[in-house]
Amino acid sequence: MKTRHFLDLSDFSGAEIRHLLNIGLELKAKRRRGKKPKDRPLEGRVLAMVFDKPSTRTRVSFDVGMRELGGETLMLTGKEMQLGRGESIADTARVLSRYVDAIMIRTLDHAMVTELAQYASIPVINGLTKTTHPCQIMADIMTFEEHRGSIQGRTIAWTGDANNVLASWVHAAARLDFTLKIASPPELAPRPELLSWAKQEGAKISVTTDAFEAAEGAHAVITDCWVSMGDDDEFRRQNLLKPYQVNGRLMGVADKDAIFMHCLPAHRGEEVTDEVMDGPQSVVFDEAENRLHAQKGILAWCLGAANA
Ligand code: CP
Ligand code: NVA
């Protein structure tokens, strides 16, 4: 069997993404019905979690997810490993493949993750790079559909920095057939390669500099922090992104049943107001919870658990 990596949503077809989501949803339903000691499909399996950058949700949800499936985790940081002293990524991949069953990695350099996958004989999962954040968008799609039904044919608005989270939304739009309206300042607009990929894949994407234009009639309004990990021009970004804040006025032009989503951590008073974060349209904590369920689906699939 081909090694099952989870690197980017663009690597999967719409049907494959649906399959992974369904595994996660089944595991979620099972968990709701109560834990059964015999449901340990990943018993004896070990996930190495490599974190070069901080994390709350990704770290805890992968750790708990793996334990709930009967497996174990090992927490590593790039700095503590010989990787931090110049051991090659390829050799690190070969060595880890002899000890553990899968690797989940968060690091800024996307090429490092793809190189790790190239040389590992075990699954590699992208836990966020500066380029994409596919696990997040699996949880986001799950959350949207639980609240508003199928995402196919719906309109999703993104306002703010066209960052890693947005890039994975673009991949999802191409695969799951929904419209994505992006509003960002020209300086922080989506990369031209990403947009040309989307065009080539037939994705329904529009790009504007006006947050209100993007949010108008949308079924979900999404934003993210103004300053991502690895960004250094904080003051400039804050000024550029002020007009893209999600507040009551912006939510007011979206569909009346629109939901508000944010991958978290949120910077209240910057990209989103308290009123929206804590308001009736916000589903941000369901979204955070769904990281656990969606990733259990990803882990079960990557590790070839029964029915996955
Ligand atoms: N949304 C997300 O990935 O959160 P963490 O940075 O806390 O993992
Ligand atoms: N865009 C953010 C997401 C954090 C989960 C970052 O990369 O820092």
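Me: Before we get to ligand 2, what counts as near a molecule here?
Reply: A residue is near a molecule if its C-beta atom, placed from the backbone, lies within 6 Å of it. Keep in mind that this is a predicted model.

Me: OK, so which residues surround ligand 2?
Reply: Ligand 2 has Asn-163, Asn-164 and Val-165 around it, along with Asp-224, Cys-225, Ser-228, Met-229 and Cys-263.

Me: And how does that shell divide into nonpolar, polar and charged?
Reply: The shell around ligand 2 has 4 nonpolar residues, 3 polar ones and 1 charged one.

Me: Switching to helix 3. Which of its residues are buried?
Reply: Helix 3 runs over residues 89-99, and Ile-89, Thr-92, Leu-96 and Ser-97 are buried in it. They sit on the same side of helix 3, because the arc they cover around the axis is only 135 degrees.

Me: What's on the other side?
Reply: Asp-91 and Arg-98 are there, and both are exposed.

Me: What covers the buried residues of helix 3?
Reply: The cover includes strand 1 (46-51), strand 3 (102-106) and helix 4 (110-119).

Me: Now Ile-125. Where is it?
Reply: Ile-125 belongs to strand 4, residues 124-126.

Me: Why does it count as buried?
Reply: Ile-125 has 25 C-beta neighbours inside 10 Å, and the cut-off for buried is 20 or more.

Me: What does Ile-125 touch, leaving out residues up to four places away in sequence?
Reply: Ile-125 is in contact with Phe-6, Ala-102, Met-104, Ile-298 and Cys-302.

Me: And how are Ile-125 and Ile-105 placed?
Reply: They're 20 residues apart along the chain, with 6.3 Å between their C-alpha atoms.

Notes. Residues numbered from 1 in each chain as written. Chains lettered and ligands numbered in written order. Predicted model: local features only at pLDDT ≥ 70, side-chain atom pairs only at ≥ 80, totals over all residues. Buried ≥ 20, exposed ≤ 12 C-beta atoms within 10 Å, placed from the backbone. Helix = DSSP H or I, 4+ residues; strand = E, 2+ residues; numbered from the N terminus. Arc of directions from axis to C-beta. Contact = placed C-beta atoms within 7 Å. Nonpolar A, V, L, I, M, F, W, Y, C, P; charged D, E, K, R; others polar.
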